[in-house]
Amino acid sequence: MLRLLLRSTVTLVLSALGGSLVIFLLLRALGGDIATSILGVSADPASVAALGAELGLDRPWAVQYLDWLAGFAQGDLGRSYGLRYDIAEVIGNRIGVTLSLAFFAMVIAAALALFFGSYSAINAHRRRGGLVSAATQLGLAVPTFWVGLMMISVFSIQLGWLPSGEYVPWTESLWGAVRSLLMPVLALSIPLTAIFTRYVRSAMLDVLEEDFMRTARAKGRTLHGAIGVHGIRNASISLVTVGVMQLGVLIAGTVVIERVFSLPGLGDLVVSAIGSREVLVVQSTVFVILLIILCLNFLMDISYGLLDPRIRDAEREASHV
Amino acid sequence: MTLSIRDLAIQIGTDRVVHVDALDVPAGGRLGLVGESGSGKTLTAMSIAGLLAPEIRVNGSVQLDGRELVGRADRSMARIRGAEIGVVFQDPLRALNPMMRIGRQIAEAVRLGNRPISGAEIRSRVVELVDQVGLSGVEGVTRRYPHQLSGGQRQRTLIAVAIASRPKLLIADEPTTALDVTVQEGILDLLLELSTTRRMALLFVSHDLGVVRRVSERVAVMYGGRLVETGTARSVLERSHHRYTEALIAASPWLTGPTERAELIGRPLDAIPGSVPEFGQFPEGCGFRDRCTHAIDRCAERPPATTTSDDHTFTCWNPAHMREADLHDIRT
Ligand SMILES: Nc1ncnc2c1ncn2[C@@H]1O[C@H](COP(=O)(O)OP(=O)(O)O)[C@@H](O)[C@H]1O
Ligand SMILES: [Mg+2]
């Protein structure tokens with residue numbers, strides 16, 4: 001376990017460093033001259049140079065990069081070049097929205113997938129099982145933003161049940177937060193549920209063939225009881241694996257859904273910062289998003305070991321050699 | 001009778017793959033079910049406990065202490081098998097959940113098989129079971145996972161699971177086949193001891209006649225999904241009538257006594273010619289006739305069950321170890 005922990009940590013740190021470098025270089029290479037883009041092309045060279053010096057853009061890239069990283073490590077992300085707001089503060093205010101969206105979408109999708117995937121595997125040779133498979137096709141095909149728009153038009157505009165575009169933070173009102181996040185979370189979880197369901201289904205089909213399921217029934221479990229106790233646990237390993245692979249999809253979906261529901265999250269921040277040419281904001285926010293993904297990856301690596309005792313032992317064996 | 005089977009028919013798709021006319025195991029009795037791989041032994045054994053896949057159809061009658069088991073809903077069957085039938089499977093590694101500690105897997109069987117039961121009772125019963133199957137010497141065994149045990153220890157765990165409810169009937173399907181020869185003996189001794197001391201009826205399934213002879217009072221020989229010969233272990237193995245049983249014995253190195261073994265030195269075992277066909281491809285009449293060296297024309301008809309005076313039944317038109325007069329009786 002220690003070895004697994006160590007290895008995952010090293011992976012985490014190295015990927016974070018590599019990612020930060022790529023983000024920095026891409027933005028510098030593609031962004032053109034930052035001072036010019038802030039002041040406009042018609043600005044006189046002297047004031048462009050003065051602004052560049054003020055923002056520290058006249059220093060070599062390597063120095064700028066290290067300076068940025070050092071600030072990051074201390075929680076100081078600097079001020080935005082244009083509007084001069086404290087970037088760390090803005091990210092801090094918005095990160096809760098994105099994390100809530102991603103977290104609840106993931107949890108709901110996993111729970112639904114365990115149910116539907118198992119159901120479809122148990123009924124694999126019946127029409128009901130096929131129905132679930134057809135539904136997952138549909139879930140994969142519909143775009144998230146369209147689902148979001150449909151939800152708004154039905155539940156907010158026509159029925160007036162749920163708000164759209166007015167975010168209530170958790171700290172203000174729990175119920176308000178739930179109401180404002182319900183639709184976006186559901187919209188986000190639809191494609192995830194579809195993907196997860198397919199994996200759970202195939203994992204469950206394998207598990208159903210396992211001898212230990214028969215042992216569980218021999219102990220006195222019904223088929224459904226055996227699935228509930230032994231099947232779900234063993235099939236959920238594969239869910240962890242796909243969960244990791246779908247993190248990118250999830251974050252991309254979050255960006256879209258934050259725009260659709262006008263939620264003040266990180267995705268919304270990146271998109272508006274790109275629009276207003278706030279290079280440093282884009283740079284830091286994208287890096288924060290990357291860090292979130294990497295940390296989740298890290299957690300899932302670890303939980304993989306926690307879930308499967310064989311992996312734990314293989315790790316221990318390996319650390320003895 | 002603890003177990004009483006009549007006209008048991010198992011159907012997969014359109015093929016009727018097993019048809020057992022009659023098979024009984026008395027309380028505390030030990031029956032060995034033997035036959036080559038692919039004879040239908042596992043299907044038969046699992047159908048008793050209701051452990052076949054839902055799409056496999058089972059008809060006929062299986063009675064446990066006079067209660068009909070065939071056709072029961074899963075819930076009611078689960079309760080009966082949990083409390084009254086124990087099953088030991090062939091591959092103990094695969095039969096245990098790789099992600100669950102041994103102690104929990106045994107405790108699960110204790111809880112399901114002895115309802116209602118308190119947590120404290122479950123724990124003390126687990127300790128007792130671990131001791132009974134000879135695992136108490138293994139350090140921290142209940143905290144281990146299946147992959148942290150040896151094959152023999154895993155099979156002992158599975159036996160603890162099987163006897164957790166103090167069942168009336170213990171079904172052991174090839175319990176030693178996946179194990180090293182050196183640990184087979186220990187497992188057989190344990191099963192024998194448990195069956196005798198707890199008066200558990202034992203249905204012991206194996207392709208290995210030597211192993212079957214060690215544990216069984218009665219033996220039933222299966223081929224092509226049918227019982228071809230049934231009787232006491234002694235009479236079936238020493239005076240076999242069915243030609244399939246005879247061929248099986250000739251192919252088994254352990255069965256012949258010292259004098260006969262002397263004759264066998266330098267002579268290869270008589271392997272049974274050909275191999276067990278796929279289901280649906282056994283010949284009409286006697287299913288063994290295409291591999292039988294004693295087949296006669298009459299074998300194209302299904303042979304009737306003949307019972308001799310010592311409660312020994314077989315279905316063969318041209319049996320071994322029979323007097324001419326009796327042969328005449330069979331064929332007319
Ligand atoms: N679930 C199943 N579906 C289709 N065929 C099966 C199934 N289970 C067993 N069979 C077939 O039935 C035959 C007998 O199987 P089995 O009872 O396992 O024999 P044995 O235990 O004597 O080796 C084999 O030919 C096997 O292929
Ligand atoms: Mg078998």
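**A mixed sheet and unpaired cysteines in chain B**

In this predicted model, B:Ala172 finds its bridge partner in strand E8(B), namely B:Phe204. That contact belongs to a set of five bridges between E7(B) and strand E8 (residues 201-206) of chain B, and the two strands run parallel. Getting from one to the other involves a helix: E7(B), helix H7 (residues 181-197) of chain B and E8(B) together form a β-α-β unit, and a right-handed one.

On its other flank in the strand order, E7(B) meets E6(B). Here four bridges hold the pair, again in parallel, and B:Ile85 sits opposite B:Leu169 of E7(B). As for exposure, strand E7 (residues 169-173) of chain B is mostly covered, with five of its five residues buried. B:Leu169, B:Ile171 and B:Asp173 point one way from the strand, while B:Leu170 and B:Ala172 point the other way. Both groups are buried, B:Asp173 included.

Zooming out, these strands are part of an open sheet of eight strands in chain B, ordered E6-E7-E8-E3-E9-E10-E12-E11, and the pairing is mixed. Strand E6 (85-88) and strand E11 (306-308) of chain B take the edge positions; each has a single partner strand, so one side of each is left without a neighbour in the sheet. From one strand to the next, the twist averages 15°. As a general point, strands of a sheet pair through backbone hydrogen bonds, in either a parallel or an antiparallel fashion. The antiparallel kind turns up where strand E10 (residues 226-232) of chain B meets strand E12 (residues 312-314) of chain B, a pair joined by two bridges. In that pairing, B:Glu229 has B:Phe314 of E12(B) as its bridge partner.

Now for the cysteines. A disulfide is a covalent bond between the sulfur atoms of two cysteines, and a search of the whole structure turns up zero of them over all chains. Why does B:Cys286 go without a bond? Its closest cysteine sulfur, in B:Cys299, is 5.8 Å away, which is too far, given that a disulfide calls for sulfur atoms within 2.5 Å. B:Cys292 tells a similar story: the closest cysteine sulfur to its own is again in B:Cys299, at 6.2 Å, and that is too far for a bond. Are these two residues buried or exposed? B:Cys286 is buried, at a relative accessible area of 11%, and B:Cys292 is buried as well, at 17%.

Notes: Residues are numbered from 1 along each chain as its sequence is written. Chains are lettered from A and ligands numbered from 1 in the order in which they are written. This is a predicted model: local features need pLDDT of at least 70, side-chain atom pairs count only at pLDDT 80 or more; totals for chains, interfaces and linings use all residues. Side-chain values use heavy atoms; hydrogens and water are left out. Buried means under 20% relative accessible area, exposed over 50%, partly exposed in between (1.4 Å probe, protein chains only). Two strands pair if DSSP finds at least two bridges between them. Axes are lines fitted to C-alpha atoms, for helices over the stretch in contact, and angles run from 0 to 180 degrees between N-to-C directions. A crossover is right-handed if, with the strands pointing away from the viewer, the path from the first strand over the helix to the second runs clockwise.
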